[in-house]
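Colleague: I should be grateful for a close look at the aromatic pairs in this structure and at the packing around one of them.

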Amino acid sequence: MNLKKYFKSKFPSDYRLIDLPKDIFSGIIVALVSIPISMGYAQIAGLPMIYGLYGSLLPILVYGIFTTSFDFGFGVDAAPAALTGGTIASLGIAAGSDEAIKAVPLLTFLVALWLLLFFFLKAGRVVKFISLPVMGGFITGICLEIIFMQLPKLWGGNPGTGELPELVLHLFTELDSFNFVSLILGLLTIIIILVMRKFVPKLPMSVIMLILGGIINYFFKLDSFGVKMLPQAEGGLPLPKLLYPDPEILPELGFSALTISLVIMAETMLASRANAINDGYDLNANREVLAYSLANFVSSAIGACPVNASVSRTSIVRQFGGRSQIMSVFASISMGVILIFSTEFIPLLPVPILTAIIVSALLTACEFDLAIRLFKISRKDFIIFISAMLGVLFFGTVYGVMFGVVLSFFVVIREAVNPPRTFVGVREGHEGFFSLKVHEDARPIQGVIIYRFSGNLFFANIDTFVSDIENSILDSTRVVIINASGISNVDITATDRLLALSKNLKKKKIKFFFAENDGIVNNELIRFGAEELINDGIVQKDIEAVMDLIHLKLPYTRMEENPYYKDI
């Protein structure tokens with residue numbers, strides 16, 4: 001490996017030494033915030049809480065070493081934890097039991113194997129075909145889903161699992177655990193963080209509120225008011241675990257592992273790619289999948305659950321100016337220090353304040369600005385955004401992405417079948433040719449139809465092409481000119497229809513010309529047996545050449561009205 005090239009690839013091109021303290025500080029913050037996140041999701045996955053901290057140690061370091069993302073966070077997170085917990089429950093294994101402690105790392109190992117297979121199949125390239133509205137809707141859906149999972153913890157309840165309907169129902173069932181002091185602490189924390197983030201964005205309010213929560217608890221004994229604290233965590237670094245394959249549960253674990261690996265690849269790739277696009281660089285998609293696989297192999301080796309993208313941690317990293325994976329290195333180191341020296345302080349931390357920190361980070365990560373922008377400029381893309389978001393909320397990560405991707409491809413097909421097209425004319429006092437649709441003062445040339453089609457001609461749109469022309473012919477029409485500058489390819493179906501159109505126009509004594517197209521289109525016309533279009537002079541260099549050929553000189557005679565469709 002070229003070490004110089006490797007280290008250069010780990011930093012943005014404008015990275016400076018002054019950015020290093022920000023990365024270190026961001027890593028420390030991520031480790032602190034990971035305490036409640038990781039412990040909670042480990043419990044959801046069916047493991048003792050301490051395994052959440054284990055999953056925030058070495059797997060994060062491995063991901064930071066191998067990823068091509070500069071600042072994206074990784075760790076024990078909602079979707080894989082919920083799927084893991086569901087798998088364990090479906091097998092009749094009690095959460096936190098010895099059986100669960102054996103089954104979960106085996107599941108994590110199988111997830112890593114599936115991801116390794118995806119790496120060899122180069123499956124990560126698929127994400128390049130996912131549009132920005134899908135990515136934005138997906139990320140927003142994930143953030144909102146995790147917020148709904150966490151909300152009950154604000155008033156003393158337990159986190160939820162499942163999709164939006166189950167989560168909403170869970171909110172009501174957890175009202176039995178309602179604690180007014182907890183809710184006030186949580187809401188005030190959210191308000192303070194969001195307000196201060198707006199006015200003093202560089203102030204590390206998450207850490208300040210974390211420390212403040214510990215201080216308040218120390219002096220006022222919040223547990224005496226019914227406020228939940230984080231549980232005591234066992235100190236010390238994790239030791240390697242042996243896997244115990246059980247033939248009876250292995251097939252079901254393998255199928256569940258496939259689902260989880262798809263979730264990890266889709267969720268992490270989409271979120272990290274959106275990050276990279278915002279920062280102006282691209283990810284090595286295949287290398288990313290390898291990083292996910294290796295991180296999960298390590299997680300399996302220390303007995304932890306599957307690990308994946310963490311939008312909430314990434315939001316915190318970006319808030320505090322982290323710019324490289326040095327952040328992940330120091331997050332791992334900091335978690336190691338916490339496990340060795342500081343676990344006795346964990347029970348001092350109030351759960352509602354820690355939950356509020358997570359909720360605040362997730363609210364910031366939601367792509368609401370993108371949704372507003374899409375609503376203003378493109379209703380189709382806005383619908384795709386909302387569909388991807390609702391797909392995640394109601395059907396889960398994989399189905400949400402699939403729904404958004406299908407919609408994206410539908411829009412692509414729709415645009416290809418119905419591309420931009422317009423009739424063209426001239427404007428008084430202006431040189432050149434102008435769209436009759438865009439310019440109200442543009443008028444057609446007397447006896448001449450100029451039609452611009454901005455898309456490849458193929459079997460699915462050639463009917464539209466021909467219909468537009470045939471419906472525009474008037475008694476006075478003597479010439480039809482196709483401005484083909486936007487056509488870069490034709491198929492055999494379109495070629496045959498062009499030949500038929502040419503013959504039909506010739507019968508009506510209307511001259512037909514195909515202008516402005518490039519050599520590739522000419523080669524395709526010849527290959528599909530339409531060389532007569534070229535030999536008969538129908539294909540011309542440009543519109544001006546056609547005008548010379550039909551003996552029309554400037555200034556062209558304009559029609560008084562525009563009889564052609566303005567919106568086709």
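Modeller: The account below begins with one ring pair and then turns to the cores.

This is a predicted model, in which local features need pLDDT of at least 70 and side-chain atom pairs count only at pLDDT 80 or more, while totals for chains, interfaces and linings use all residues. Residues are numbered from 1 along each chain as its sequence is written, and side-chain values use heavy atoms, with hydrogens and water left out.

Searching the whole structure gives 18 aromatic pairs (rings of Phe, Tyr and Trp, the last by its six-membered ring, with centres within 6.5 Å; planes under 30 degrees apart are stacked, over 60 edge-to-face, the rest tilted). Tyr-51 and Tyr-54 form an edge-to-face pair, because their ring centres are 5.3 Å apart and their planes stand at 80°. Both belong to helix α3 (residues 50-54), three residues apart, about one turn of the helix; a helix here is a DSSP run of H or I of at least four residues, numbered from the N terminus. Tyr-51 is buried at 8% relative accessibility, and Tyr-54 is buried at 7% (buried means under 20% relative accessible area, with a 1.4 Å probe and protein chains only).

Leu-53 is in contact (heavy atoms within 4.5 Å) with Ile-35, Ser-38, Met-39, Ala-233, Met-335, Leu-339 and Ile-346, leaving aside residues up to four places away in sequence. In the largest nonpolar core, of 115 residues, Leu-53 joins Ile-35, Tyr-41 and Ile-346 in touching the most other members; such a core is a set of buried Ala, Val, Leu, Ile, Met, Phe, Trp, Tyr and Cys residues joined through side-chain atoms within 4.5 Å. Another core, of 32 residues, lies apart from it and includes Leu-457 and Phe-512.

Technical notes: Helices (H or I, at least four residues) and strands (E, at least two) are DSSP runs, numbered from the N terminus. Buried means under 20% relative accessible area, exposed over 50%, partly exposed in between (1.4 Å probe, protein chains only).
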